Amino acid sequence: MNIKKLSVIALMLAAVAASWYPVLAASGSSEEPATAPLAMAPTSMPDFTAAAESTINSVVSIKSFVTTPSYGYGGFGGMSDPFFDFFFGNGGGNAPRQQIPPNSGSEDNLRESGLGSGVIISADGYIITNNHVVDGAEKLEVTLNDTRVFAATVIGTDPNTDLALIKIDAADLPVLPWGDSDNLKIGEWVLAVGNPFGLTSTVTAGIVSAKARSISSPRNGKIALESFIQTDAAVNPGNSGGALVNLRGQLVGINSAIYSQTGSYSGYSFAIPTSIVKKIATDLKEYGTVQRALLGILYSELNAKIAQEQGITAVTEGLIVGEVTPGSGAEKAGLKTGDVIIAINDNPTHNSSQLQEQVARFRPGDQTNVTFIRDNKKQTVKVTFYNSDGNTAMATTSKISDLGCTFKPVAPATLSKLGIKNGVQIEEINAGPFKSQGLRAGFIILEINNQRISTVADIEKVYKTVASSKSDDHVMFITGLYPDTNRRAYYAVELDQQK
């Protein structure tokens with residue numbers, strides 16, 4: 001037998017041996033331990049069509065308008081998307097911004113300033129979106145997927161969660177059903193639906209990359225609540241306030257943020273889970289404000305160093321209590337400094353984001369179980385949540401009708417005649433703090449507490465701020481004029497303290 005034939009036989013034997021190696025390894029013939037093969041997923045992609053088709057009609061485009069000159073950033077088409085302002089602090093980010101109802105004031109000076117998305121959550125026109133989409137807008141315009149256009153009114157906003165509820169005057173609208181964000185799994189397919197760059201009804205796909213993610217996103221310099229769903233679905237300016245849905249076509253999140261150094265999508269996007277969204281939307285609709293429940297503790301995340309210093313061996317994750325607020329629900333339930341909270345309502349709280357998400361589901365007066373570790377032993381107590389005033393009363397919004405006035409926009413001809421650019425006129429005046437201080441019908445309000453007044457909502461926002469202030473002084477300092485004299489007048493209107 002020549003060398004060439006020997007080489008061929010050797011190669012054939014090597015191939016046979018290689019083919020038998022997994023069998024030999026599994027039978028213990030090899031000294032190397034066997035490794036169980038991973039179950040292979042099907043190679044075909046999931047079908048997104050049903051979820052996409054059932055979602056696009058429930059996602060709307062929202063345009064915001066402001067009086068020129070605006071605070072905006074020159075985005076595409078000369079417009080500013082609040083998405084950019086939200087992350088990059090473009091001009092005017094610290095200036096006071098007001099929400100107002102549609103068609104208030106002069107339309108001539110309004111220009112389109114921003115673009116976002118929203119999700120229809122009721123057939124009679126309630127839409128959930130991001131607060132940064134509507135913040136500062138003097139007019140909101142909603143376009144449905146069928147191209148119908150409506151003016152929108154802001155029902156309520158919550159900067160702490162970056163959510164807002166608006167409403168259009170419509171009926172029989174297609175509603176996107178609520179899904180359960182708690183049931184989302186890491187690696188599960190989701191769709192992001194919105195209007196990036198003004199491209200209506202755009203659908204992108206990705207997977208859930210993480211849950212309860214904190215990204216420390218700036219919201220006018222502060223943030224109170226973060227527990228995002230992280231996905232790799234492409235999200236861009238204009239997607240803000242749009243829907244994140246599962247493959248059953250259920251709403252599981254509101255797209256809110258991207259992680260990018262350019263302002264455009266670069267692999268990471270973040271959505272507010274419906275476990276938070278649904279409660280905030282309900283509060284804003286029923287109360288006009290968010291009912292914020294407080295546990296009553298200061299805490300930090302448990303780490304190896306703290307665990308070693310405190311002798312904690314029972315757990316490696318959780319929130320260690322640093323201080324218990326006197327009179328709080330936590331104190332009354334018996335929680336103490338050094339306790340490690342590991343669950344609320346039987347849901348794990350391994351980090352701050354998870355704890356925030358759990359507490360955000362409750363209102364003052366609600367009760368739930370809190371599980372914690374003390375002396376390396378697990379304990380559970382029932383805690384009653386309180387509000388920031390230390391009781392279980394529901395917060396209410398102040399009513400502008402308490403001023404005893406009705407207001408109307410100033411006619412454009414009157415603005416031009418008087419040489420003013422803004423103002424709101426008292427239409428009727430009855431018994432109340434305004435009348436008691438001498439204001440009369442026809443008076444044009446230009447400023448209150450150094451805040452420019454252009455719409456009725458501007459007055460309402462200042463009024464609510466003053467009425468709910470914890471300071472001893474509840475005064476509205478008003479600057480304005482009477483059209484017949486065009487002379488400035490000044491009033492100080494003191495309000496009864498309202499909580």
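Asp 182, Glu 357 and Arg 361 form a network of salt bridges in this predicted model. Within that network, the side chains of Glu 357 and Arg 361 meet at 3.3 Å, N to O. Glu 357 is buried, with a relative accessible area of 9%. Arg 361 is partly exposed, at 22%. The cut-off explains the split: buried means under 20% relative accessible area, so Glu 357 falls below it, while Arg 361 does not.

**Salt bridges**

The structure holds eight salt bridges. Side chains of opposite charge can pair when their charged atoms come close. Three of the bridges are listed here, with their N to O distances.

| Salt bridge | Distance between N and O |
|---|---|
| Arg 363 – Asp 283 | 2.6 Å |
| Asp 339 – Arg 374 | 2.8 Å |
| Glu 357 – Arg 361 | 3.3 Å |

Take the bridge between Arg 363 and Asp 283, with its closest N and O atoms 2.6 Å apart. The pair links distant parts of the chain, 80 residues apart. Arg 363 sits in the loop between helix 8 and strand 17, and Asp 283 in helix 5, residues 274-287. Both partners are buried.

Next comes the bridge between Asp 339 and Arg 374, where the closest N and O atoms are 2.8 Å apart. Asp 339 lies in the loop between helix 7 (329-333) and strand 15 (340-344), and Arg 374 in strand 17, so this bridge ties together parts 35 residues apart in sequence. Asp 339 is buried, with a relative accessible area of 2%. Arg 374 also counts as buried, at 19%. The limit is under 20%, so Arg 374 stays on the buried side.

**Aromatic pairs**

A search of the whole structure finds six aromatic pairs. One of them joins Phe 362 and Phe 385, and it is stacked because the ring centres are 4.9 Å apart and the planes meet at 20°. Planes under 30 degrees apart count as stacked. Phe 362 lies in the loop between helix 8 (352-359) and strand 17 (367-374), whereas Phe 385 lies in the loop between strand 18 (377-384) and strand 19 (405-409). The pair therefore ties together parts that are 23 residues apart in sequence. Both Phe 362 and Phe 385 are buried.

The loop between helix 8 and strand 17 thus holds Phe 362 of the stacked pair and Arg 363 of the bridge to Asp 283.

Elsewhere, ring pairs link Phe 443, Tyr 482 and Tyr 491 into a cluster. Tyr 482 has a charged partner as well: the charged end of Arg 440 sits over its ring, 4.1 Å from the centre. Lys 139 takes up a similar position over the face of Phe 65, at 5.1 Å from the ring centre.

**Two buried polar residues**

Asn 246 lies in the loop between strand 10 (243-245) and strand 11 (251-258). Asn 246 is buried, with a relative accessible area of 2%. A polar atom of the Asn 246 side chain lies 3.0 Å from the backbone nitrogen of Gln 250. Beyond its neighbours within four places in sequence, Asn 246 is in contact with Ala 51, Glu 188, Trp 189, Val 190 and Val 252.

Ser 113 belongs to strand 2, residues 110-120. Ser 113 counts as buried, at 4% relative accessibility. The C-alpha atoms of Ser 113 and Lys 63 are separated by 7.5 Å, with the two residues 50 apart along the chain.

Technical notes:
Residues are numbered from 1 along each chain as its sequence is written. This is a predicted model: local features need pLDDT of at least 70, side-chain atom pairs count only at pLDDT 80 or more; totals for chains, interfaces and linings use all residues. Side-chain values use heavy atoms; hydrogens and water are left out. Rings of Phe, Tyr and Trp (its six-membered ring) pair if their centres lie within 6.5 Å; planes under 30 degrees apart count as stacked, over 60 as edge-to-face and the rest as tilted. Helices (H or I, at least four residues) and strands (E, at least two) are DSSP runs, numbered from the N terminus. Buried means under 20% relative accessible area, exposed over 50%, partly exposed in between (1.4 Å probe, protein chains only). A charge sits over a ring if NZ of Lys or CZ of Arg is within 6 Å of the ring centre and within 35 degrees of the ring normal. A polar contact is a pair of N or O atoms within 3.5 Å; within protein, one must be able to donate a hydrogen and the other to accept it, and residues adjacent in sequence count only if both atoms are side-chain atoms. Contact means heavy atoms within 4.5 Å. A salt bridge is a side-chain nitrogen of Lys or Arg within 4 Å of a carboxyl oxygen of Asp or Glu.
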